[in-house]
Amino acid sequence: MTAPAIELKGISKAFGPVQANKDISISVMPGTIHGIIGENGAGKSTLMSILYGFYKADKGDIFISGRKTDIPDSQAAIAAGIGMVFQHFKLVENFTVLENIILGAEDGWSLSTSLTKARKSLVDLAAEYELNVDPDALIEEIGVGMQQRVEILKALYRQAEILILDEPTGVLTPAEADQLFRILGRLREEGKTIILITHKLREIMEITDTVSVMRRGEMTATVKTAQTNPEQLAELMVGRKVLLRVDKDPATPGDVVLDIQNLRVVDEQGVERLKGINLQVRAGEVVGIAGVAGNGQSELLEVLGGYADGSGTVSVNGAPIDLTGKLSDGKSRRKRGIAHVPEDRQREGLIMDYMAWENTAFGYHDEPAYASGILMNNAAIKQDTIEKMERFDVRPPDPKLAAKNFSGGNQQKIVLAREIERNPDLLLIGQPTRGVDIGAIEFIHQQIVALRDQGKAILLVSVELEEILALSDRVAVMFDGHIMGERLPDETDEKELGLLMAGVGA
Amino acid sequence: MDVMPKWAEVVLVPLISLLLAAIISCLVILAIGEDPVAAVKLMVSGALGSTYGWGYTLYYATNFMFTGLAVAVAFHARLFNIGGEGQAMLGGLGVALACLYIPWPHWSFALLGAAVMAGAFGAVWAAVPAYLQAKRGSHIVITTIMFNFIAAALLNYMLVNQLRPKGSMDPASARFSETVHLPSLHEILAPIGINFSKAAPANISLIVAILACLALWVLIWRTKLGYEIRAYGHSESAAKYAGISPVKITMIAMIISGALAGMMAINNVMGEAERLVLNSTEGAGFIGIAVALMGRSHPVGVFIAAILFGFLYQGGAELALWTSIPRELIVVIQALVILFTGALDNMVRMPLERIFLALRRRDV
Amino acid sequence: EPALIFDLGGKFDKSFNEAAFNGAQRWAEETGGTFREIELQSEAQREQALRRFAEAGANPIVTMGFGMADPLSTVAPDYPDTKFAVVDVSWIKGDNIRQVSFAEHEGSYLVGMMAAMASKSGTVGFIGGMDVPLIRHFGCGYAQGVKAVNPDATVIANMTGTTPAAWNDPVKGSELTKAQISQGADVVFAAAGGTGVGVLQTAADENILSIGVDSNQNHLHPGKVLTSMMKRVDVAVYNAMKAGEDLETGSVIQLGLAEDGVGAAFDENNAALVSDEMKAAVEEARKKIIAGDITVASYYENDSCPALTF
Amino acid sequence: MDFLTLLQVFDSSVRLAVPLLLACLAGLFSERAGIFDIGLEGKMLAAAFMSAAIAAITGNVWIGLLAGIGASMVLSVVHGLASITFRGNQLISGVAINFLAAGLTVLIAQAWFKQGGRTPSLIGGGRFEPITLPFAETLSGVPVFGPIYAELISGHSILVYVAFAAVPFTWWLLFRTRFGLRLRAVGENPAAVDTAGVSVVGLRYAAVAICGILCGIAGAYLSTALQAGFVKDMSAGRGFIALAALIFAKWRPWYALYATLLFGLFQALELRPDLIETVIGIKVQGQLLGALPYIMTVVILAGFVGKAIPPRAGGEPYVKER
Ligand SMILES: Nc1ncnc2c1ncn2[C@@H]1O[C@H](COP(=O)(O)OP(=O)(O)OP(=O)(O)O)[C@@H](O)[C@H]1O
Ligand SMILES: Nc1ncnc2c1ncn2[C@@H]1O[C@H](COP(=O)(O)OP(=O)(O)OP(=O)(O)O)[C@@H](O)[C@H]1O
Ligand SMILES: [Mg+2]
Ligand SMILES: [Mg+2]
C-alpha cells in the first residue's frame with residue numbers, strides 16, 4: 001500500500017487566546033482531490049497555512065509521502081513539493097505575471113536569465129494545462145481569475161506535487177470555475193495530490209474524492225464523497241439542517257423605482273466602462289446582473305452608489321439623481337433611499353479597524369437617529385447594533401469587536417444589517433455571499449427575498465450564476481459595458497446565460 | 001480578545017519601557033563620568049519636587065500638548081503633518097500682531113483674540129499644503145517640511161526688518177503691553193489658597209491646552225466630523241463609498257491641525273516671553289511628532305506624553321544648572337525615552353503577553 | 001561665586017560663547033575660584049537661569065547675548081542685591097545691570113580695510129551666520145572699511161540662513177565661500193560661528209585669504225587667515241568676574257577700539273600676510289576712529305548700512 | 001551669465017547634491033523594502049562624526065570612512081530591531097535615532113577631543129582630496145566640452161564619483177537582480193515574499209543595512225571630503241531634504257539623481273544672488289532668497305509632479321499572527 005501524500009497528526013494551533021486548530025489529524029492519498037469544508041472561521045485556512053509553513057503549529061507532526069517532515073517556513077514546504085493558492089492571493093500587485101512567478105524561485109542572481117528561462121517554461125505550462133496568461137501584464141491590471149491562474153502557475157513552476165487551493169472559486173465565473181476543475185482533474189491524472197477548500201458543496205460533490213469537515217477548530221468527519229450528499233455535509237458543517245434552495249414566491253412587481261437610461265461611465269484612464277446602459281428595476285422585484293467580472297458591473301454599482309461619475313439619466317422614484325458633482329456622493333444617494341451593499345466589504349463596506357457598532361452607522365452617521373447636531377449619539381448606535389446583531393445572528397454578538405476580527409460571513413452580515421434595516425426603496429447589492437459559508441448564505445438569501453417581499457426594488461450583482469438564478473425575478477447579462485439581454489430565470493438556463501456572458505447571441 | 005488586561009497595556013508596558021530607558025540613560029551618565037543617582041534625583045526634584053519645578057514642567061508640557069494634538073489630529077486622517085514647527089511660528093506671528101496692534105481692554109479678550117489669530121495663522125500655513133495634497137497630490141510630508149523653512153524665513157523677515165523696535169539689536173518684537181499679560185498659575189491659584197511659585201512661566205494657556213485635549217477628544221470620538229476623519233484615515237476607499245469627501249477631510253483635518261500648532265503661541269509668545277522672538281518655537285513642533293506618536297494619537301496619551309517631555313525638559317534644565325553635565329546628554333535621554341516607549345515597546349509587550357497568556361491558560 | 005549664562009549656541013560655538021568661557025576659565029585659573037555655568041537650551045530658560053542663580057546667591061551673574069536683554073530687565077529688579085552683567089546689550093535699564101556692548105562695526109571696519117588692501121581682485125566677501133541685526137552690524141562696518149580703502153571695491157555679502165542651523169552649517173559656509181570666489185572674491189570675512197569653520201577651511205583649500213571672528217582664529221590655518229576681528233568678550237567676562245560683588249553697574253560699557261575691546265589680530269601666524277603698509281594704515285584708522293575723525297556708521301543706529309544693502 | 005559661471009553653479013550644485021543623493025538612495029533601499037526611515041539625518045550625522053573622529057585619530061581617511069559606515073550601521077541595526085524584529089513604529093524609531101545621534105555625537109566628541117564637540121581639523125591623509133581626472137588639464141582648452149570636463153566633471157573627491165556610480169548600481173541591483181526583485185516585493189507585499197519561501201526579516205535587514213552604508217558614506221562625505229572635520233549638527237537638515245527628494249523621485253534611482261541635483265541646483269542658486277539678480281533684473285530680498293529653494297520645490301511639486309505612490313507595505317510592520 002502506498003503511503004499517504006500528506007499526513008497530519010495532532011496539529012494544534014492557537015492565535016493568542018483563539019484556538020484555531022485543535023488536535024487535527026488527516027491523511028490524503030496521492031493522486032486524489034481532497035475537499036475541506038467548514039464554516040467561516042472553522043480553521044481551514046489555518047490548517048493549510050501550517051502545512052505550507054506560513055504558520056508554525058504549536059503541536060503535531062507532518063508526514064509527506066510517509067516521511068516525517070519539518071516545515072518551519074514556506075521554503076521547506078516548497079522543497080517538500082507543496083504549493084498553495086491562498087484565499088487572499090499573495091501577489092505583488094505592481095509586478096508582472098512573470099516576476100511574480102519567479103519570485104523566490106529565480107535561477108541565479110541575474111533577473112533577466114531567470115525571466116528568460118521562466119518565460120519558456122511558462123509557455124510549456126500554459127500549453128499543457130490551458131493556463132494562458134500574458135506574462136508581461138501587471139497583476140493589478142488583470143482580473144482575479146487571471147490572478148488565480150498566476151497563483152496556480154506559481155505552484156506548478158515550483159514543481160509542486162501537492163497543491164492546496166483555499167476557496168479558489170469564490171472569485172470565479174462558472175466558466176472559469178469549470179476550467180479550473182478541468183485543470184485540477186488533469187493534475188490528478190498526473191498523480192498530483194490536491195486539497196481543495198470551498199464553501200460550495202456542488203463543487204465538493206463534483207470533483208473531490210474524499211471530503212473532510214471542520215467545525216470550530218476540530219476535524220469532525222472525513223468521508224468518501226461518493227458515499228455522502230450535500231444535505232448531509234451541510235448538516236455536518238453547521239450542526240443543523242440547512243435549506244440549500246431559496247424558497248420564494250413569485251414576484252409582484254410594482255412601479256418603476258430605478259430607471260437607467262443611456263448610462264455611460266469613463267474611468268480614470270479614459271476607458272469607457274459603461275457604454276449606454278438601459279435598465280429598469282421595479283418595486284418588489286430582484287433584478288440580477290450576471291456577467292464575467294470586469295464587464296462593467298462594478299462600475300454600474302459604483303456610479304449608482306455615488307462614487308464614480310457618469311453621464312446619462314438615472315431616475316429613482318421618477319426623479320433624476322445627479323451623476324456628477326457635489327450631490328453625486330454616497331450621502332446624497334442614501335438620502336434618496338438607495339442602500340448599497342458593496343462588492344468588496346473589506347475595502348468599501350466596512351472600516352476594518354472600526355468596531356462593529358461604529359460600522360453599523362457607517363454612511364448613515366449623520367442621520368438624526370445616530371446624531372444630533374455635530375455630535376454622534378453613540379449610545380443609540382450601540383443599542384441599535386446590539387439589536388441588529390441579534391436579528392442578523394452575527395457571531396460573536398459583540399458590538400465592541402473590531403470588524404477585522406469577524407469572519408467574512410459575519411462581516412457581510414454586519415453590512416447587510418446596516419443596509420437592509422434602513423428600509424431603502426432600492427437596494428444595490430454586489431456579491432452578497434462571496435466567501436461566506438453555507439449557513440450564512442442561507443440566511444443572507446432569506447433576507448434579500450424578505451426585503452423584496454416588502455415591495456422594495458433590488459439590483460443584485462453576482463458572479464455566481466447559481467445565486468443569480470435562485471434569487472432574481474429578472475436577469476440581465478452584462479458584457480463589455482453593454483447589457484446583452486434580459487431573461488426570466490424560469491425561461492433560461494446556465495448555458496444560455498453563459499453564452500450571453502461571453503458576448504455571444506442577443 | 002485581548003491577551004493582556006487593559007491595565008497592563010496602558011500602565012505596565014509604558015512603565016517598564018520607561019524603566020529600561022532610564023537604566024540605559026544611567027549607563028550613559030556613568031560612562032561620561034557622572035553620578036546617575038544624583039542626576040536622577042536632581043531631575044525629579046527639580047521638575048516635580050516643587051511648584052516651581054512643576055511650573056516649568058507644565059509650561060513646556062503646554063507647548064507639547066498643542067503641537068502633539070496638532071500632529072495627532074492629522075494622523076487620524078492619515079496625514080503626516082511635519083509642519084507643526086512652521087505653523088507654530090506663524091501662530092506666534094499672529095499672536096504678536098494681535099497683541100501689539102490691538103488695544104485690548106482686558107487680558108481675557110486678548111487671550112481670545114490672540115488664540116483666534118494664532119489659530120488662523122497656523123491654519124493658513126497648514127491649509128496650503130493640505131490643498132496641494134488634496135487637489136494636486138503633492139505629498140504633504142514634503143510640502144510641510146518646505147513650509148517650515150519658508151516660515152522661518154518669513155519670521156526672520158518680520159522680526160529683523162519689520163517688528164523689531166528701533167535701537168534694539170535683538171531680533172524680537174517689542175514687549176506686549178501689561179494689559180495682555182496672561183495670568184500665571186501663581187496668579188490663578190492664589191485666590192483659592194494655593195501658593196504656586198511666582199517665577200514659573202506656566203500660565204492660563206495650560207488650561208486652554210487641557211481644554212484643547214478635551215475638545216479634541218470630543219471631536220475625534222464623539223462628533224460626526226471626527227468619525228469621518230477617522231474613517232478616512234483608516235480607509236480612503238471605504239470613505240468614498242460612504243460619501244465622505246477626501247478633499248474636505250484633508251482640508252479640515254489639516255486646518256484643525258495647523259490651528260492647534262499655531263495656538264501653541266499663546267503659551268510661549270503671549271504667556272511666557274510676552275514678545276515674539278526669532279527662535280520661539282525651539283523645535284516644539286518636532287517634539288509634537290514624538291508626543292503624538294507616543295500618545296498613540298489619543299488626547300489622553302498626548303497629555304501624558306507632553307507632561308513626560310515637559311519633565312525631561314525641566315529636569316534637563318536643572319541638570320544643566322547644577323551640574324556640569326552637557327546639555328547633549330539630555331537630548332540622549334530624550335532619545336532613549338522615545339526609542340523605548342515609542343518604538344521598542346513590543347520588546348516589552350511580547351514577553352508580557354506570553355506571561356499573561358500562560359497565566360490565563362493555567363486559570364482555565 | 002559668580003555665574004555665567006551662555007547663549008543658545010552653547011559653550012563651544014567656536015566664537016562668542018566660547019570666548020566668554022575662556023574669559024571665565026582664565027579668571028578661575030588665576031584666582032582659583034569656581035563659577036556656575038549653564039548652556040541654555042530654550043528661551044524659557046533665560047529667565048529661569050537668571051532667577052535660579054540669583055536665588056542660589058550667585059554674584060555677579062554674567063550673561064551672554066542680545067536675547068538676554070528682555071528677560072534681564074524683568075528679572076533684575078527682583079534681585080536688587082545681585083549684580084548682573086550682560087554682553088551685547090546696551091539699550092536696557094537697571095541699576096544692578098552692567099551692559100557691555102562692543103563696537104563690532106569699528107573692528108570690522110579695520111579688518112575690512114585689510115581685506116581691501118590684501119585683495120588683488122578688488123572683490124571681497126562677507127559671510128554671515130543667521131540673518132540677525134548683530135551680523136548685519138558686522139557686515140556693515142566691514143563694508144565701510146573696504147570702501148574706505150578702495151571705493152570701487154565690490155563687497156559680496158551672504159547670510160547662511162534664517163534659522164539657528166545657520167550657525168552650524170560649515171558645508172554651506174564652504175559653498176558660499178566657493179560661490180564668492182567664483183565671483184572674484186579673494187578675501188572673505190566669516191562672522192558665522194561654526195559655519196565659519198567651513199569658510200576658513202575652504203578659503204585655505206582654495207588659496208585665498210580669510211578673516212576670522214570673535215577670538216583670534218589666525219592659528220587655524222597659519223598663513224591663510226589674514227587676520228581676525230577680535231571681540232574681547234573674554235576680557236569683558238574676565239573683568240566682570242574679577243570685579244565680583246563690587247561690579248560697577250547701572251552703566252553701559254562701550255568696548256571699542258579705544259578700550260581694545262575690538263580689533264584686528266596680529267600674530268606670528270599672519271605676520272607674513274600683513275605688510276607694514278597695511279599695519280600702518282590700520283593703525284592710523286584706529287587712531288582716527290578713536291579720535292572721532294572717522295565715524296563708522298552703525299547698523300544698529302540706522303537700521304541700514306551706507307555701504308551695503310541686506 | 002557666462003558659460004564658466006554656469007559651470008561653477010553646476011559644480012556647486014553637484015557638491016551640494018551628493019550628500020542628498022547618497023542619503024536619498026539610502027532611503028530608497030530602506031523604503032523600497034517597506035521600512036520608512038526618517039532617521040537618515042541622524043545616521044548621516046553619526047557617520048560624519050565617527051569618520052572624522054577616526055580619521056583624525058588614525059590619520060587615514062579610509063579607516064575613517066569605514067568607521068563612519070560602522071556608526072551609521074549601528075543606528076541602522078537599532079532601527080531594524082525596532083521596526084523589523086519588534087514591529088515597532090518606524091516613524092518613532094526614526095525620530096529617536098535623530099535625537100540619539102544629535103546628542104551622542106557631541107557627547108563623545110567632547111569626551112574624546114575636548115574641543116567643544118568638534119573633532120580636530122583633518123589634515124593630509126585624513127581627508128578625501130579632490131581628484132583631477134586624466135587629461136583634465138589638456139582637454140580644458142577644447143571648447144564647451146573641455147571646461148565641462150575640467151570644471152564640472154573633474155576635481156571632485158572620490159566619494160562624489162562613488163555617489164554617482166551608486167545610481168546606476170542601485171538601478172541595476174533593484175531592477176536587474178534577484179535580490180532587487182525580492183527587495184521590491186517585500187516593500188509591496190511581504191506576504192508574497194514570505195509564501196514564496198524567502199525570509200522577509202532577512203531581506204528587510206539587508207535593506208536597512210545598505211541604507212546604513214549609504215548614509216555612512218554621505219556622512220563621511222560631509223566631514224572628510226567637503227569639510228575637514230566634524231562640527232555639531234553639521235548635517236543641518238540634509239536628511240530631511242533627502243527624504244523630500246525621495247518622495248519627489250517617487251522612489252526611483254534615476255529620478256533620485258534628478259531630484260537631488262535639482263535641489264542642489266536650488267541651493268547653489270541661493271548662494272548666487274548676483275546671478276538671480278542679473279537674470280530676473282531685480283535684487284531679491286535676503287530672506288526671500290533663503291526661502292527660494294523651498295518655494296521652488298513646492299511650486300514644482302504642485303505644478304509638475306503628480307501623485308507619488310509609496311511602496312504599499314511601507315511603514316507597516318509585517319505581522320502574521322496577532
Ligand atoms: N493570523 C491570525 N491571527 C489571529 N487569529 C487568526 C489568524 N488567522 C486566523 N485566526 C483565527 O483563527 C480562527 C480560524 O481561522 P481560519 O482563517 O483558519 O478559518 P477558515 O476556516 O479559513 O474561515 P473562512 O471560511 O472564513 O476562510 C478564526 O477564529 C480566526 O479568527
Ligand atoms: N491577522 C489576523 N488577526 C486576527 N484575525 C485574523 C487575522 N487574519 C485573519 N483573521 C480572521 O480570520 C478569519 C478568517 O480569515 P481569512 O483571512 O481566512 O478570511 P476572511 O477574513 O474570513 O475573509 P473572507 O470573507 O474572504 O473569507 C476572520 O475572522 C479574520 O478576521
Ligand atoms: Mg479561510
Ligand atoms: Mg474567509
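Biologist: What makes the side chains of C:E43 and C:R46 a salt bridge?

Modeller: In this predicted model, the N to O distance between the side chains of C:E43 and C:R46 is 2.9 Å. A salt bridge requires a side-chain nitrogen of Lys or Arg within 4 Å of a carboxyl oxygen of Asp or Glu, and therefore the pair of C:E43 and C:R46 qualifies. Both residues are buried. Elsewhere, salt bridges with shared partners join B:D170, B:R175, B:E274, B:R275 and C:D70 into one network.

Biologist: How many salt bridges are there over all chains?

Modeller: By this rule, the count over all chains is 69.

Biologist: What parts of the chain does the salt bridge between A:E161 and A:K192 tie together?

Modeller: The closest N and O atoms of A:E161 and A:K192 are 3.5 Å apart. A:E161 lies in the loop between α5 and β7 of chain A, and A:K192 in the loop between α6 and β8, so the pair ties together parts that are 31 residues apart in sequence.

Biologist: Why is A:K192 called buried?

Modeller: Buried means under 20% relative accessible area. A:K192 has 13% relative accessibility, and therefore counts as buried. A:E161, at 41% relative accessibility, counts as partly exposed.

Biologist: Why does A:K44 have no salt bridge?

Modeller: The nearest side chain of opposite charge, that of A:E167, is 4.9 Å away. The cut-off for a salt bridge is 4 Å, so this pair does not qualify. A:K44 is buried and has its place in helix α1 of chain A. Its side chain reaches the backbone oxygen of A:E39 at 2.9 Å.

Biologist: Why is the site of ligand 1 called shared between chains?

Modeller: Residues from chains A and D surround ligand 1, so the site is shared. Of the 18 residues around the ligand, A:G41, A:G43, A:K44, A:S45 and A:T46 come nearest. Helix α1 of chain A gives the most to this shell, with three residues.

Biologist: What makes the approach of A:S45 to ligand 1 a polar contact?

Modeller: An oxygen atom of ligand 1 is 2.6 Å from an N or O atom in the side chain of A:S45. A polar contact is a pair of N or O atoms within 3.5 Å, so this pair qualifies. A nitrogen atom of the ligand is 2.9 Å from an N or O atom in the side chain of A:Y55. The protein covers 76% of the 630 Å² of accessible area that ligand 1 has on its own.

How values were computed
Residues are numbered from 1 along each chain as its sequence is written. Chains are lettered from A and ligands numbered from 1 in the order in which they are written. This is a predicted model: local features need pLDDT of at least 70, side-chain atom pairs count only at pLDDT 80 or more; totals for chains, interfaces and linings use all residues. Side-chain values use heavy atoms; hydrogens and water are left out. A residue is near a molecule or strand if one of its heavy atoms lies within 4 Å of it. A polar contact is a pair of N or O atoms within 3.5 Å; within protein, one must be able to donate a hydrogen and the other to accept it, and residues adjacent in sequence count only if both atoms are side-chain atoms. Accessible areas come from the Shrake-Rupley method with a 1.4 Å probe; for residues, only the protein chains shown count as cover. Helices (H or I, at least four residues) and strands (E, at least two) are DSSP runs, numbered from the N terminus. Buried means under 20% relative accessible area, exposed over 50%, partly exposed in between (1.4 Å probe, protein chains only). Lys and Arg count as positive and Asp and Glu as negative; His and the chain ends are not counted.
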